Structures are given as C-alpha cells and as structure tokens.
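User: Could you walk me through this model and take a close look at one part of it, the backbone geometry in the loops? I'd like the surroundings as well, so feel free to start wide and zoom in.

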Amino acid sequence: MSSNNKTAIKNKEPFFHITKRKHMEWYQSWTVRILAIILALVICAVITSITTGLDPVSVYGTMFKGAFGTQRKIWILGKEVAILLCVSLALTPAFRMKFWNLGGEGQVLIGALVTATCMIYLKSLPQPLLIVVMLVTSVAAGAVWAGIPAFFKAKWDTNETLFTLMMNYVAIQLVAYFVIVWEVPKGSGNVGIINQNEMQGWLPVIGDYKYLLNILIIAGVTIAMHIYLKYSKHGYEISVVGESYSTARYVGIRVGRIILRTLLLSGAVCGLAGFLMVAGTDHTITTTLAGGRGFLGVMVAWLAHFSPGGMILSSFLLGFLERGASEISAMYQLNQSFGDILTGIILFFIIGSEFFIHYKLSFRKKAGKEGEE
Amino acid sequence: MDNRIAAVSMRNIKKVFGTVQANDGVNLDIYRGEILSLLGENGSGKTTLMNMLSGIYYPDEGQIYIDGNPVTISSPYEAFTYGIGMIHQHFKLVDVFTAAENIVLGLKEPGGLDLAKASEKIRQICDNYGFDVDPNQKVYNMSVSQKQTVEIVKVLYRGADILILDEPTAVLTPQEVDKLFAVLRNMREDGKAIVIITHKLHEVEELSDRVAVLRKGRFIGDMITKETNAQEMTNMMVGHEVKLNIERPEPQNVKPRIRVDGLRVRSRDGILKLDDVSFTAYAGEILGVAGISGCGQKELLESIAGLKRVRSGTITYINDDGTEEDITGRNPVDIAAKGVALSFVPEDRLGMGLVANMDITDNMMLRSFRKGRSVFTDQKTPKELAQKVVDELDVKTSGLSTPVSRLSGGNVQKILVGREISSSPTVLLSAYVVRGLDINSSYTIYDLINQQKKNGVAVIYVGEDLDVLLELCDRILVLCGGKVSGIVDGPTADKRQIGMMMTRLGGETSDEQ
C-alpha cells in the first residue's frame with residue numbers, strides 16, 4: 001500500500017447513477033409517455049426518409065388513414081382491437097397472480113376449434129340452442145386447456161411458462177388435423193366459410209354492423225373483469241397469491257385451488273375469444289386464426305400494468321399500429337417488414353419510457369474538484 | 001496519543017437515496033489502535049456511512065482522507081488498496097468452498113490460488129489473533145460464528161488494517177460474543193483500527209474505546225466510552241429522554257391455554273426441525289423462546305399457527321372452561337372456525353404477515369376478507385380498522401392508500417401487530433417483533449405485548465436479544481437444535497446459563513468448553 005498507489009486512483013467518480021423514484025404524479029408520467037411517443041415519431045421519420053426517401057409526414061398520414069380512413073376501416077380496427085383486448089383480459093387474472101400464461105394462443109384456438117366442430121356436426125340443432133352449446137363448449141375447452149398446466153403447477157410446481165407455451169403447439173396441430181378433415185374442396189387446405197348458406201351457428205348481426213355484437217360483448221367482459229379483479233373476494237385472493245404464496249398460506253388461502261380456479265377463468269375467456277372469432281366474424285378456422293394475439297396480449301396487459309381500463313388504451317394503440325403498418329406496406333409497396341420496423345421503434349420507446357417513470361438518472365455534480373490541486 | 005493522525009477522516013459526507021437523506025454532513029475520525037463503536041438506531045445511516053468507506057456507495061458530497069491524504073474510493077477493490085475491509089451483516093461466502101478457497105477467492109496477485117501457501121498464511125493470522133479456523137473446512141459445515149471468523153480472516157488476509165464490522169454480534173450467542181471481543185482486542189493491540197456498527201449499548205461499553213453517535217443521518221457527537229453511560233448514549237441516539245427498562249407486570253389469572261406435546265416437525269427437505277417438543281403456554285403470561293437462529297423457533301410458531309405439517313405430537317387449545325380443542329395440523333381457517341382466536345406476527349413481515357405492494361386498508365382485510373356471504377369484499381370495515389390502527393399506534397404514513405412497502409420498518413410492524421391484536425386474540429405468537437426497529441417503536445411494541453398479557457392472552461415471544469427476553473418474559477423456553485433444552489424462570493434466569501443451554505442440551509456443563 002505505497003502512497004503513490006494511493007494518489008494514483010483519483011476522481012474516477014461515476015458519471016451518473018440510477019436511483020429508484022419514490023412516486024410520480026399521473027400527469028408527470030403521462031408527460032413522459034407522450035414525450036416518448038413524439039421522440040419515437042421523430043426517429044421513425046428520420047429512418048423513413050433515409051431508407052425509403054419518402055416524405056415521413058405523408059407516411060404517417062397513410063398510417064392514420066389505414067386505421068381510420070373509411071368507415072369500414074374504422075369498424076375493422078374496432079373488431080381487431082376488441083378481440084385483442086379480449087385475449088389480454090383473459091391473460092390478466094393469471095398475470096396478476098404472477099402465473100405467466102403464455103398459452104393464450106392455444107386456448108383461443110381450442111375454443112375456436114370446438115366452436116367450428118359444433119357448427120359442422122350440430123348444425124341441425126335449432127339456432128339458439130346451437131349457439132348456447134357452442135358458447136358453453138368453447139369456453140369449457142379454453143378452460144381445460146389452461147387448467148391442465150395450472151393443475152400441474154398447483155400439484156407439482158411445474159414451470160407454467162414452458163407448459164402453457166407447449167400447449168399452444170398441441171392446439172395448433174389439432175387444428176391443422178381438423179382443417180384437413182374438413183377442407184373444402186379436398187386438397188385446398190382450407191375449410192372455407194362454414195355453413196355459408198344456412199348460416200347455422202353464426203352469431204346474429206345487430207343492424208348493418210356485423211362487428212358490433214363482438215365489440216359489445218367484449219366491452220361487457222372488460223367491465224366484468226375490472227369489477228372481478230378489483231372488488232370481489234376472488235380478485236383479492238388473486239392479488240395476495242400473486243404477491244406472496246407464504247402470505248396466502250398464512251391467512252389460510254389454499255394456493256393450489258386459487259391457481260386452478262384463476263386459470264380456468266383465464267382459459268375460459270380465451271375460449272370465448274375463439275368462439276367470438278369463429279361464430280361472430282370469421283366463420284371459418286385456420287391454424288393462424290389466433291394470429292399471435294396470445295402473445296401480443298401479453299404486451300397489452302403489461303403495458304397497462306394489468307388494469308383492464310388501461311388495456312383498452314394499450315390494445316387500441318397496438319391495434320392501430322398494426323393496421324397502420326400494413327397500410328403503409330400496401331400503399332408504398334414496401335416490404336411488410338418496414339411497417340414492423342416502425343411499429344417496433346414506437347413500442348420500444350413506449351416501453352422504454354416506463355424506465356424513466358420508475359427510475360431517475362442522477363448526473364455527477366460539480367463537487368468532485370478537490371483532487372485537482 | 002495526543003497528536004496522532006487519524007487513519008481515516010471523513011469530512012462533511014452527504015448521501016441521498018431518493019428523498020431520504022441517509023447521511024448529512026457527517027464528520028468522523030477513526031484511529032489505529034482503537035476500537036470505535038458507531039452507534040445509532042436503525043436507519044440512522046451507520047451502515048451507509050461505512051459502505052461509503054468500503055467503496056460500495058459513493059458519497060454525493062464530502063471528502064475521505066486516509067492518513068491525511070484525500071482519496072477517492074469507488075469500489076471495494078480500491079478500498080482494499082487502502083487497507084479498508086468490511087465484514088457485512090450478511091456473509092458473502094461460497095457455501096461449497098472451503099475456508100481457504102473463500103479467502104483467496106477474487107485475489108488478483110500471482111500465486112493467489114496456491115492453497116497450501118494460503119493455508120499457511122491463514123494459520124499464521126489465526127495464531128496471531130487467536131482465531132480458530134480450519135482452512136480446509138467447507139463453509140456449509142460451519143456455524144454462523146465460524147463463518148463470521150472466516151469473513152474476518154479474509155479481510156485480514158488481504159492486508160486490511162482498518163476493519164469495519166456491521167452488527168457482528170446480532171447472530172452470536174453470549175459465549176461467541178466473548179470470543180469475538182477477545183480477538184478484536186488482540187487486533188487493537190496490534191495497532192489496527194476497528195469500527196463496530198451496533199445499537200446495543202452494553203457492547204459499546206464492554207468493548208470500545210470511543211463511541212460516535214449518529215441520528216437520522218447526522219453526526220451527533222463522539223465520546224470516550226469510559227466517560228459516558230448508557231443513559232447519555234441513548235439520549236443522544238434517540239434525541240430525547242427515554243426510559244430504558246421494560247415493564248414486567250405480575251401475571252394475573254394464569255391458566256393453561258396451549259399445550260404442545262411431543263411435537264415433531266420436518267422441513268421440506270426432510271430435516272428434523274423440531275424433536276419431541278413439549279410445553280404449556282399459559283394465559284396471562286409471556287413465554288419467551290430463545291435459541292440460536294434456525295433452531296426450530298420458526299417451525300414451532302408455524303406449526304401452532306397451522307402453517308406446517310406436523311409429523312407427530314399434538315397441539316391442544318384449552319378453553320377458559322377447561323374444554324380442549326385439538327388443533328394439530330389444522331389450517332388457519334379451520335383453527336379460526338373452531339373459535340380459537342390465534343394471532344401470529346411472523347418473522348417475515350412483508351413476505352408473510354403483510355402484502356408489501358398492497359395499501360394499508362387492503363392489508364387490514366387479509367385476515368377478515370372472507371367474512372360475509374357477498375362475493376365482493378367489504379371495503380368499509382377494513383378502512384375503519386386501518387384508520388384506528390394508524391391513529392392509536394401513531395403510524396407515520398401519508399395516507400391509508402400508501403403501499404406498506406413504502407413505510408419505514410417500525411411503521412410496518414405497527415400495522416402488522418395492530419391488525420393481529422385487533423381481533424382480540426387469546427393466543428399471540430410473535431417472532432422477532434422488534435428486529436430492525438428503533439428504540440421508540442420497540443418500546444411501543446413491548447407495551448402492546450404487555451397490554452395483551454394483561455388482557456389474559458397467552459403470548460409466545462420468540463426473540464434474539466437475550467437482554468430483552470430476560471426483562472420481558474415470565475418464563476423462557478430455550479431451544480437447542482430443535483429440542484427443548486429447558487424452561488427457565490424469567491425474573492431469576494441468568495444470561496450465561498441461557499447461552500449455555502442454547503449451545504448444548506440442558507446446558508449443565510458449566511465449564512469452559
């Protein structure tokens with residue numbers, strides 16, 4: 001420990017350090033988020049003009065038009081947002097319990113598959129009865145699909161992330177099998193529109209608005225989910241289990257039972273989403289029916305910190321970006337990836353802004369001058 | 001000793017965490033050949049200050065001098081180059097390595113991994129100061145006190161001559177404390193500068209030459225230990241006059257309440273944690289439970305509370321009229337359904353007793369949310385209860401909707417204890433209720449517990465501070481390795497005797513080991 005050694009190390013003061021913020025008022029956090037979006041738009045504009053030479057303002061205009069341009073586009077956006085919201089709502093109770101249900105995709109598909117099965121094999125039933133049977137069976141199927149990993153988690157503490165993820169592939173393969181069984185015409189690889197003429201098992205249409213019923217049902221689910229999570233005893237138990245198993249046991253909550261019950265609910269709502277897609281809007285089934293919503297829903301739920309109200313906003317944002325991006329690609333005949341790049345940048349900034357809401361960067365103060373003499 | 005140069009001088013040190021001023025303009029001198037006690041309540045900034053000296057934190061403002069030269073310490077490694085070594089409260093050892101392997105781990109000098117040479121050097125250090133370390137023993141086979149010794153040797157091995165020990169006695173038995181103090185004195189004679197961080201006054205008096213007091217991040221003063229006394233130090237620590245004795249009202253109306261018979265409990269890995277434990281807890285008295293940490297205290301309380309599977313033995317609740325309820329192996333809801341009002345303040349407050357991210361109101365309904373037939377929770381009653389607890393126990397919070405994780409330790413504990421006693425229990429189980437609490441909060445808690453005792457509650461108090469157990473409890477049950485080592489009478493018990501019983505069943509051999 002010589003003394004020149006001591007003087008050698010000097011003023012290597014860190015340039016900044018990160019500290020956790022205590023609390024931020026809502027208007028401050030929203031300012032941060034809006035600033036993040038503006039910044040993201042500016043960066044997207046620069047990238048757009050550098051890589052494509054297009055005028056960024058008109059690209060943004062196109063994006064906007066893609067989502068809101070015509071009445072039809074607005075309805076499509078509404079339908080997309082609603083179904084995405086439905087899947088996200090389904091995942092929320094599980095996520096609040098810190099059960100990472102990544103099986104939304106499979107749970108939606110299995111609900112859809114059961115719906116299609118009913119429409120094909122039970123079409124002789126009276127219409128109202130058929131719809132009730134479809135609804136009940138598809139919801140039950142979704143519940144079972146989520147219940148299996150939940151049972152294993154509750155009983156043997158298996159890893160739910162892997163288990164639910166794997167269940168997706170099982171569901172996709174099942175759907176692929178039945179698509180071949182049902183394909184019309186043979187060899188086309190398509191089921192086509194089911195019951196096109198008689199429309200057995202099709203959900204009724206309200207007036208001329210063929211997506212309105214779905215949107216209304218999902219609005220109802222949103223409110224119900226909000227009340228369930230916030231005010232019911234079940235919702236309270238979910239929060240306690242999510243925070244700490246030992247607290248839950250301490251007050252006599254049976255953790256395994258809550259896990260199973262909550263996942264049955266989570267899967268059931270996914271099954272409902274599958275039912276609404278097949279019976280309400282698509283009237284067909286493909287392996288890509290869920291279209292990644294089981295995963296996009298994860299992001300919607302996280303962005304909104306698992307609050308159903310916030311998820312209306314976040315699913316709207318993601319729905320808008322997706323519709324807008326595909327419009328850009330179509331209009332300017334760009335690769336689909338270009339729209340995805342823009343979407344990615346915007347999401348990156350929005351998610352990144354959460355860091356600045358929870359943490360603070362403190363830069364070095366001008367105090368460390370002592371060592372200079 | 002007059003014109004000595006301080007080994008370390010800290011001048012005008014400031015450190016802010018978020019909105020908390022952890023250190024505010026602290027000046028401190030540390031001398032060689034002297035043991036300095038850094039005294040202060042929890043949260044007074046002692047550990048933060050020492051962490052800045054050992055390179056874990058960097059001060060926002062202020063300057064540190066080593067032997068009169070201004071220095072910048074921005075990492076623990078740099079602290080070592082100045083001869084500063086810190087022994088933390090939570091040991092930083094690799095369990096599957098031997099003592100010697102742990103000691104040389106991370107050394108950058110060439111030949112640092114020559115274990116034979118290292119063992120030789122370790123033996124030398126041990127002989128010098130009177131440590132007892134086997135360089136080839138694996139850490140997982142060591143007792144807490146041995147692990148601590150390895151930590152100290154590790155620091156000495158790296159040539160530290162300024163040693164900082166953060167609450168070194170918290171986990172030791174009285175006998176182990178004596179041994180530790182002896183080696184610390186040897187090190188002082190060898191001219192090392194030693195700082196111990198503590199909040200126990202008798203340790204300050206017994207060991208140190210000088211004492212420096214911090215309060216709420218500020219330096220209050222330093223004194224020669226011989227020239228001060230416990231009362232003066234407490235007043236400096238707390239900032240106002242406090243009385244230092246705990247009440248022990250005479251037990252009234254004592255009758256059996258909980259009878260534990262031949263209790264045997266295994267941990268999840270099948271290790272026997274409680275072996276043939278039998279005792280009776282009486283209504284209207286406080287039964288203390290003493291023991292080295294991890295000797296079955298937790299399992300004992302959890303099995304009574306219905307949170308642990310009981311292998312054999314029975315737990316019986318005795319009603320006022322003498323009728324008995326068998327509550328062995330029942331879960332907490334069943335126990336409550338039998339009309340047994342049992343409250344439990346667990347060791348892990350935020351991880352078990354409370355939900356850290358929920359607000360005060362939601363935490364109040366943890367026990368009672370099932371009440372009523374409605375599918376919705378009752379939000380009104382818990383809110384009233386929350387307000388009552390906050391008012392009566394003087395909880396400092398910005399509102400009832402503040403998450404409990406944002407409250408200070410003392411306030412968290414008040415919320416938990418407040419909720420548990422609000423259900424007017426007949427049995428109160430408590431584990432380490434004052435751990436980490438400042439003096440005022442601790443005394444509030446002692447008062448609450450005494451109040452429960454006066455109300456005829458059977459209190460089982462698991463504690464770690466023997467002095468408190470001796471002052472508060474009517475009887476003390478001593479656990480040793482999951483067995484009952486004996487039950488002694490509180491007012492007449494002797495600390496050393498309990499210390500012996502903690503390390504050896506019955507504790508009958510009173511000779512030096």
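Analyst: **Loops and their surroundings**

In chain A, 77% of the contacts with a separation of 6 or more are between residues 24 or more positions apart. Keep in mind that this is a predicted model, and the predictor gives the complex an ipTM of 0.80 and a pTM of 0.80.

Chain A has 14 helices and two strands. Its C-alpha atoms fill a box of roughly 95 × 60 × 40 Å along the principal axes. Of the 373 residues in chain A, 39% are buried.

Now for the loops of chain A. One of them sits between helix H7 (160-182) and helix H8 (212-231) of chain A, and A:Pro185 is in it. The peptide bond from A:Val184 to A:Pro185 is cis, with omega at about -20°. Further along, A:His305 lies in the loop between helix H12 (293-303) and helix H13 (308-332) of chain A. A:His305 isn't a glycine, yet its phi is positive, near 50°. As background, most peptide bonds are trans, and most residues other than glycine have a negative phi.

Is A:His305 buried or exposed? It counts as exposed, because it has 12 C-beta neighbours inside 10 Å and the exposed class takes in residues with 12 or fewer.

Chain B has a counterpart to look at. Its mean pLDDT is 87, and 97% of its residues reach 70 or more. B:Tyr432 also has a positive phi without being a glycine, this time near 45°. You'll find B:Tyr432 in the loop between strand E17 (427-431) and helix H15 (439-454) of chain B. B:Tyr432 counts as buried, because 21 C-beta neighbours lie inside 10 Å and the threshold for buried is 20 or more. So the two positive-phi residues fall on opposite sides: A:His305 is exposed, whereas B:Tyr432 is buried.

There's a positive phi in a hairpin of chain B too. Strands E14 and E15 of chain B have five residues between them, and in that hairpin B:Gly322 takes a positive phi near 90°. E14(B) (residues 312-318) and strand E15 (residues 324-326) of chain B run antiparallel, joined by three bridges. Within that pair, B:Ile318 is opposite B:Glu324. E14(B) also pairs with strand E11 (residues 255-266) of chain B, in the antiparallel sense and over five bridges. There, B:Val260 faces B:Ile315 in E14(B).

To round off the surroundings, go back to the start of chain B. Here you have an open sheet of four strands in the order E2-E1-E4-E5 (chain B), paired antiparallel. Its edges are strand E2 (20-30) and strand E5 (69-71) of chain B, each pairing on one side only. From one strand to the next, the twist averages 30°. Strand E1 (residues 8-17) of chain B connects to E2(B) through eight bridges, with the two running antiparallel. One residue pair to click on is B:Ile13, whose bridge partner in E2(B) is B:Val26. Helix H1 (residues 46-53) of chain B packs on this sheet and touches E1, E2 and strand E4 (61-66) of chain B. The direction of H1(B) makes about 115° with that of E1(B).

How values were computed:
Residues numbered from 1 in each chain as written. Chains lettered and ligands numbered in written order. Predicted model: local features only at pLDDT ≥ 70, side-chain atom pairs only at ≥ 80, totals over all residues. pLDDT = per-residue confidence, 0-100. Pairing = 2+ DSSP bridges. Axes fitted to C-alpha atoms, helices over the stretch in contact; angles between N-to-C directions. Contact = placed C-beta atoms within 7 Å.
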